[in-house]
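Here's a quick tour of one protein and its ligand. Have the sequence and the 3D view open as you read.

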Amino acid sequence: MATVSMASSLPTNLTSFKSRRSNRSSSGVAFASLSQDTVKITEGAGNLPKVVLTSTHGSEAEIYLFGGCVTSWKVPSGKDLLFVRPDAVFNGKKPISGGIPHCFPQFGPGAIQQHGFARNMNWSVLDSETIEGNPVVTLELKDDAYSRSMWDFSFQALYKVILNSKSLSTVLTVTNTDTKAFSFNTTLHTYFSASVTGASVKGLLGCKTLNKDPDPKNPLEGKEEREVVSFPGFVDCVYLNASNELQLDNGLGDVISIKNAKYVADSLVCWTDAVLWNPHLTMEACYKDFVCVENAKIGDVQLQPDQSWVAEQHLSIA
Ligand SMILES: O=P(O)(O)OC[C@H]1O[C@@H](O)[C@H](O)[C@@H](O)[C@@H]1O
């Protein structure tokens with residue numbers, strides 16, 4: 001397989017992916033043999049299968065197989081740094097509104113449904129392991145009749161999630177398993193718990209902006225002049241070529257580093273852009289309690305058959 005990643009340059013704990021066949025259960029959800037001590041599958045809200053990661057160093061995370069959505073990341077103090085909206089539904093049909101949903105193969109607006117279909121399909125567990133007390137799980141998503149009805153390509157997406165005591169890292173690998181080329185764009189639509197009046201993001205100064213307010217279909221081009229970007233009202237803005245580390249002050253006493261791997265020279269690889277979103281009064285019930293800071297690949301990634309695109313995100317607190 002021609003891979004355009006530089007796997008050898010990843011930190012060791014991110015490269016130890018072991019390919020192993022999984023057993024598909026009658027429910028259609030696949031369960032690999034789990035690293036039982038730190039990785040467990042339980043029943044979550046709406047009876048949906050949920051992977052619980054427990055680090056021996058005091059942190060915990062939860063991932064719904066529906067959408068491959070990380071819904072909780074608790075640091076050793078017990079504080080959950082992610083946010084799930086009170087209107088989120090867990091019915092296996094609608095995407096889960098909160099945590100870290102995938103927008104794939106389209107961020108949108110665009111030709112297919114807003115934010116694509118990966119957030120409302122069932123991912124399966126391909127592999128899991130424990131490294132020095134820290135859980136690692138790899139989920140897989142493949143095309144099926146549902147995805148092909150919208151986007152007629154064969155693909156594989158692997159999503160590796162690594163929980164350490166003070167960090168949550170993910171590696172998304174999209175491979176073209178088709179016989180023809182395809183293109184996609186994607187984001188990790190992360191909802192962070194926040195006090196919106198105190199929240200701010202550093203690292204965006206000088207970026208070209210595409211402001212989706214007021215018209216998402218015709219974003220206004222501009223340039224970010226602020227060193228510290230806050231959320232004084234409705235915010236929906238794309239930042240092109242963002243720096244490889246943003247710092248979110250969540251207004252709740254935490255500064256969260258949002259890093260991605262920019263050490264890979266090939267422009268096909270990694271998150272290059274960012275999106276900030278807060279719906280303000282259009283979601284009166286909860287807008288004060290979260291901000292979205294999304295690692296994104298806004299321009300299309302073109303993949304030839306057998307090529308892969310790899311993007312790593314590293315969320316951490318000091
Ligand atoms: O689909 P969700 O989770 O409600 O998020 C919607 C929002 O997601 C943001 O990423 C987009 O920039 C917004 O334009 C959009 O309204």
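The notes below go from confidence to the sheet, then to the ligand shell and one buried residue.

## How far to trust it

Keep in mind that this is a predicted model. The mean pLDDT of the protein comes out at 89, with 87% of its residues at 70 or more. For the complex, the predictor reports an ipTM of 0.97 and a pTM of 0.90.

Confidence varies along the chain, though. Among the elements of the protein, strand 13 (residues 191-193) has the highest mean pLDDT, 99, while strand 1 (residues 23-24) has the lowest, 38. Residues 1-29 have pLDDT below 50, and in the model this stretch makes 53 contacts beyond near neighbours in sequence. Where pLDDT is low, the predicted coordinates should not be read in detail, so go easy on those contacts.

## The nine-stranded sheet

Next up is an open sheet of nine strands with antiparallel pairing, and its order runs 8-9-10-11-23-20-19-14-17. At the edges sit strand 8 (124-131) and strand 17 (228-230), each of which pairs on one side only. On average, neighbouring strands here are turned by 20° against each other, ignoring direction.

Strands of a sheet pair through backbone hydrogen bonds, either parallel or antiparallel. For a close look at one pairing, try strand 20 (residues 255-260) and strand 23 (residues 308-317): they run antiparallel and share five bridges. Within strand 23, L315 is the residue that stands opposite I258.

## Around the ligand

Which residues surround the ligand? The shell is made up of S97, H115, H189, K212, P216, D236, V275, W277, C292 and E294. Two elements give two or more residues to this shell, namely strand 21 (273-278) and strand 22 (290-303).

Sorted by class, the shell around the ligand is a mix: four residues are nonpolar, three are polar and three are charged.

## A closer look at V235

Now for a single residue: V235, which you'll find in strand 18 (residues 235-240). Is V235 buried or exposed? V235 counts as buried because it has 21 C-beta neighbours inside 10 Å, and the cut-off for buried is 20 or more.

Leaving out residues up to four places away in sequence, V235 touches L276, W277 and N278. W277 also turns up in the shell around the ligand. As for N211, it lies 24 residues from V235 along the chain, and the C-alpha atoms of the two are separated by 8.4 Å.

Definitions and conventions:
Residues numbered from 1 in each chain as written. Predicted model: local features only at pLDDT ≥ 70, side-chain atom pairs only at ≥ 80, totals over all residues. Pairing = 2+ DSSP bridges. Helix = DSSP H or I, 4+ residues; strand = E, 2+ residues; numbered from the N terminus. Axes fitted to C-alpha atoms, helices over the stretch in contact; angles between N-to-C directions. Near = placed C-beta within 6 Å. Nonpolar A, V, L, I, M, F, W, Y, C, P; charged D, E, K, R; others polar. pLDDT = per-residue confidence, 0-100. Contact = placed C-beta atoms within 7 Å. Buried ≥ 20, exposed ≤ 12 C-beta atoms within 10 Å, placed from the backbone.
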